[in-house]
Each structure stands twice: as structure tokens, then as C-alpha cells.
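Hi,

Here is the structure I promised to pass on. Have a look at it first, and my notes on what turned up follow below.

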Amino acid sequence: MKDAILKQPLAIGIAVITFCLVVLLGGYWTQSSINTFRHQQSSILNGLSRSQASALERRLASAFTAAQILSYEVELHNGQYTWFDTYANRLMQSIGGIENIQLAPQGIIKKIFPLQGNEKAIGLDIINNAPYHEATQDSILSKKMIAIGPVPLVQGGIAVISRAPIYLNRDTPKESFWGFASTLVYLDNLLEATQLKELTEDGYQYELWRPHNDKKERITLSSSQQALGDLRSSSKIVLPVGTWTLTISRNISNELSSVRSNGYLITGLVGLLLSSALYALLIQPLRLAHQVREKTIELQDMAYRDPLTSLPNRRHLHDNLPNILYKNQLRSRISAFIYFDLDNFKRINDTVGHDIGDQVLVIIANRLNTLRGISDQVVRLGGDEFGILLGDVQSQKAVSEFADKILRTVRSPIKFNHREFTLSTSLGVAMIPEHGYDLVTIMQNADMALYHAKQQGKNQYAFYTESMKINTHNTIKAEDELSNALKNKEFVLFYQPQFDLNTNQVVGAEALIRWQHPEKGLIFPNDFVPLAENTGEIVEMGYWVIETAIQYLARRKQAGLPDITMHINLASQQLADPKFVEHIEDWLSDYQVEAKLLGFEITETDILEDIELAKSLLQRLKNMGVCIAIDDFGTGYSSLAQLKNLPADLVKIDKNFVHELLDNEDDRNIIEAIIAMAHKLNLSVLAEGIETQEQWRMLTEFQCDYGQGFYVSKAVTEAEFNRAPSLIQH
């Protein structure tokens, strides 16, 4: 009795201390949960603001660029504008996103295209008219393009207007102000190009604003009805007239309050339960021992069960599959294991959040459970990966029919919170015992089959075959061969001439790598560069190309051959190397080659991973005298914006445009617009893929500077390039 009396205060003290510790840990866990939730929402907002700002930037940059191009044309025609309607029509078709284009000699609107619906604006004095006076006067004085808006139009509607001042005889003693070229974008149509309306319906808020042209204040172009919330993200919209800002927010105070209250409630309950359990343990050992046994059983069940979907987990499969397969073997049963994941499931988590993604997984798990038979098991292996063990099947055909059921079941739309999601899945199937009789082999073979199904286009299933294993081994072998190719000096460079379209003179070459495989012969880049990018060998390979090309330039100089500019393609991994420029400087110095004889070609996708680092490296190269060329121009994500942002000297028009040049009017208009725009920005233009004299002639008429293509020569060896004449004979 005395021992019991002494034990009770001690047990109470230990229980109280335990409760306090649990509360402290629970508070830390709750705050961590709040921070995680806030970070997830912030990441979503950052992605939304960047994507919507990009959409607005593309639309607005096109309109502002059109106004600048139109002003150049007026200056080029010395103030005459009889050509306006035809040129404006072509400009709007080429660039797009513009409602109308205007010319205002001396500030009086005289020409509008299209005129229909805009007649009321004819004769409007945009210099002396109150809504425009201050901004237009500043534009005249600064000689810079301005943006006005949002403003109500006399012909109806609200618009954002870009105005470019036009000066005749610019930068000469006879310089005189001629008037304005303007492009107009309706604000409603501008916003329709984004998803801002849908976002407001989903509970987000936004504000699009720009700084006043000359005052320290900002002008709101558009905003949601609700004010900005407490969590927000802003993205810059870089335009020729300055930087605008798009802010997207969401009020998460209710969610945070819910997480906080639930966390503290759970912490209190857990603390109370643990302290009570500990008290019972100290006071009543026998009852606690019984409870421990019960909890042990529960924990074992938890160890074998996925907490989200309540399906058996990977550990359950690992521990129980050998016994199941052994029993099937005794009964001469045929089994099958189907391994699959949800195609592009990451998109749901990234766009609507992991909470909804988890609920989608629960729905999919429940659907899969309805398909299984008595001897089947559905397992969640992790993430969006699932497995189904068919314990007793009659044939491979029966497995195919079951796989079709899975495809249809997953494909059925999921409606959740006024949203509808349509998913697909790819399945890999391994037959048992035909394709293995242990877990590792079965999983590996099913995984290879799954990879094959995804390669074939997803939303389908594939059975494992020995050829898949062979393909996997071949891939590993190809990686090993590629790794040894540089050590064994199996790569060679070919050179394709680049020529001046006006003088017929060969002025440069593009260095193109080839793999002289000891068994397969000459292999072209398309067959090994992707493999090099996947394995990381592309960096060492790229450096070999650069040094080898510089060595060739040095040999040309020693042989007394004419100077040419050697253009080399760069990979994104090379642009991510902060020591890239130092390597180039060292090689140019070692081989005594001038920097102006070297050129690098990049695509927009090569710089997207770290734009600021890439721009910094390219600017340093340009400062050295190296030529910077934008390759595959016209096929990228926002090429027009990159012309302004990148330190480029040359634009290379993609051969896909040149191929249909004679027969496709759209291609002709695009090429002509690219050339005109590049020249306005003091950039040279080189057209790839010239294969006929007619293409040469038409590109010359468009004032294209340089060319490259099979009409003159394919890529040739160093010896063949040295023997070729510098003057091209048609």
C-alpha cells in the first residue's frame, strides 16, 4: 500500500512532464505544418504569376514592337504613308494580338487599320487632347515610345495604347518631328489571353499595374474585385516602355487558422493520451502490457498498409509475395504482376496542390480495389505508383483484358470541387513464372515493360519481352562506348560552309561533330547527342569540339588560307559552367586565334535553366569579339523578347521556314518580318537549309545577309573544306 502511495505522485509528475514535452513538440510540428503549407501556396503563386506574366508580356511586346516597326517604316519612306493599309494588314497578320494600328501626322489621327468600327477616332488630336496630352508631350521630348492606358476610346471600349514618336532625318541637323505611330490592344482581349479570370473564380486575386510615365505613382490597369490577399507573388513584365508588374495573391488565413487549431487540438489530445497512457503504465503494469500487445498488432498492420489509400504497401508485397508465389507454384497456378503509374500526375500536384492530388490518388485506389478478384492484391508502391498481383489467371489474354479494364477505369473523369480531371496510365506486365519467380526480377521486368509502354505514347500496356532487356543492355553498352569515344579519339569534325548571299563569298562555317564508330562507321549527332546529354558527357564533348575547331582556325592561318568565322553549337550544360569563358580565353591564347573568328550558336531553350548566368557568359564572350548567334529562330517560346534581352550579333532562321519559302506565303511573311526586325535591331541574318537557287534569289530580295545549305555544300571534312573555292559559282 505504501509503495502504491509513493508511486502515484511520481507517476503524476512523469505524466505531466511528458504532456509538456508532447505539447512543445506538437507546437513545433504545427508551426512546421503551417510553414510547409505557406511554402506550398507560395510556390503555386510564384508559378501562376510567372506563367500569366509571360502570357501578358508576349501579347504586349508584340504590340509595342509593331508600333516601333511602323515608325521605322514611316521614317524610311520620309513621312509618306500611301502604303499604310497594305503594310499594316501584313504587320497585324505577322505579329498578331493587335486590335488596330494608327498613324497621327503632327498628332492628328489620319490613318487607322482596320478603319471599320474606328471611324470616330479619325481626326482626333492626341497631342492636345486632355487624356493624352501629358504623355505625348513627354514622348516628343524624350523621343521614346510610351504606353498609355487604360483609356476609354472615342469609338468605344477600354484599351492600352503604345505610341512611338516619328522623327524624319533623325540625328541630323534637319531632324523634325513628324507624328506618332500607335498600336492598340483592348484591355479585355489582353486579359482573355491569360487565365486571370479563371483564377479569380478559384479564389485568387490579382492586380496588373504599371508605373506612371513620369510620376512616382502607379496606374492600375486591371484588378480582381477582391483586394489582394495576405500571401502574394509578383512577376515583372519587361516591355520596351518599361517594366509592368502582375501580382497574384490568395487569402489563406482561414486555412492557416484551420491548420493551427487542428494542430493544437491534435497535440493536446495526443499529449493527453500519451500522458494518460504513461500514467497507466506506471500504475497498472499488467493492463498496460495488454495494451502494448494490442498496439503492437496495430503498428504491424500500419507497417503493411499505406496511410493515404489504406492499400497494402511495398513492404507488404516484399514480405508476403514469396509465400504467395510458393503456394501458386504448388497449385500450378499462373500469376501476373502489373506495375503502373499515372501519366503526368505531377501536373495535378503542381497546379492544384498536393492535397487534391492525394484525394485523386484515394479515388483511383478505390476504383482499382473494385476490379480485383479474390486471389488478387492491389498495392500502392509509393507516390502515384501502383501494382496489382493477379494471383490466378488462365492466360495472357485474360491479363490483357484486365489491363484494358485498368486503362478504362483510370481514364474515367474524376469530378472534384467543381473541377474535372482526366488521367491516363501506362502499365508494364510481367507473367509469373515465365518472367521471373522472385520479387526483384519480377519488379525489374515489369518496370522495363512500363518504360516501353511510356515510350510508345502512354495510356497503354506492354508485356515484358526479352528484347526489352536487350534494349536496356544496349543502352548501357552505348553509354559505355560513348564514354570511351573521347578517350579513343573517335570523334571528328565536319564543316558546312556559310556564305554571303550578295557577294557569293564563303565567310564562315558551322562545326558539326561526327562519331567515327569502330564497328558502326560514321554516326550523325542525332543518334548520340541525346545520349550524351542524358549521361552528362555533352560537356566534355562540347569542349572537345571548341578546342578542335580553334585548332583548325590556327592551321588555316598557318597555311595562308582566308579567314572565316567558325560557328559552334553550345549546349545548356556548357552555359551553366561559370568557368566556360576562361576555357575559351585560354584556347584562343594558346593557339593564337583572334576571338572575332569564333562564333557560338545557342537556342532559347539552352538558356532557360539559368538565364542570368547564360546572359552574363554570353556578354563576356561578345565583349571579347566572339560572334553570338541565336539558332533555330522562330521556333522558340518567346524569340522576339530574347532578341532584346540577349547580347546577340546574328539571327539564324530555321530551315523549316526556308523549306516552304516558295510555296507558303505565311513562311515568306515570317521570314521577311524576321529579317526586317533583326536589321532594325542591327542584327545580321543567316538562313539555314538553302537548297535551290530560287530560295537564294528570294532571300536576297528580302535582304537576308548570309546563307547555309546543301545548294552550296553539305558538311565536309577539313581537307575538302580547304580545297573548296571561296567564291561560289551558281
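A word on naming before anything else: helices (H or I, at least four residues) and strands (E, at least two) are DSSP runs, numbered from the N terminus. With that in hand, Thr 409 can be placed in helix H11, which covers residues 396–411. Thr 409 counts as buried because its relative accessible area is 18% (buried is under 20%, exposed is over 50%, partly exposed is in between, with a 1.4 Å probe and protein chains only). Setting aside neighbours within four places in sequence, Thr 409 is in contact (heavy atoms within 4.5 Å) with Arg 367 and Leu 371.

Please keep in mind that this is a predicted model, where local features need pLDDT of at least 70 and side-chain atom pairs count only at pLDDT 80 or more, while totals for chains, interfaces and linings use all residues. Residues are numbered from 1 along each chain as its sequence is written, and side-chain values use heavy atoms, leaving out hydrogens and water.

Now the sheets. One is an open sheet of 5 strands in the order S2-S1-S5-S4-S3, with antiparallel pairing (two strands pair if DSSP finds at least two bridges between them). Its edge strands are S2 (111–113) and S3 (146–152), each pairing on one side only. From one strand to the next the twist averages 20 degrees (axes are lines fitted to C-alpha atoms, for helices over the stretch in contact, and angles run from 0 to 180 degrees between N-to-C directions). Helix H2 (residues 84–95) packs on this sheet, where it touches S1 (100–105) and S2, and its direction makes about 35 degrees with that of S2. Within the sheet, S4 (residues 158–168) and S5 (residues 176–186) run antiparallel and are joined by 10 bridges. Ile 161 has Leu 184 in S5 as its bridge partner.

Another open sheet has 5 strands in the order S11-S12-S10-S15-S16, and here the pairing is mixed. S11 (377–382) and S16 (461–463) stand at the edges with a single partner strand each, so one side of each has no neighbour in the sheet. S10 (residues 334–342) and S15 (residues 425–432) are antiparallel and share 8 bridges, with Ile 338 opposite Val 429 in S15. Helix H8 (residues 314–330) lies across S10, S11, S12 (385–393) and S15, at about 145 degrees to S11. Helix H12 (residues 439–455) also packs on the sheet, touching S10, S11, S15 and S16.

On to a helix pair. H15 (residues 538–558) and H17 (residues 580–590) pack at about 25 degrees, with their axes 10 Å apart. That makes H15 roughly parallel to H17 (angles under 35 degrees count as roughly parallel, over 145 as roughly antiparallel, 65 to 115 as roughly perpendicular and the rest as oblique). Tyr 543, Ile 546, Glu 547 and Ile 550 in H15 meet residues of H17 including Phe 580 and Trp 587.

Finally, some backbone oddities. Most residues other than glycine have a negative phi, and most peptide bonds are trans. Phe 113 and Pro 114 are joined by a cis peptide bond, with omega about 0 degrees, and Pro 114 lies in the loop between S2 and helix H3 (130–142). Ile 432 and Pro 433 are also joined by a cis bond, with omega about 10 degrees. Gln 106, although not a glycine, has a positive phi of about 55 degrees; Gln 106 sits in the loop between S1 and S2.

Cheers
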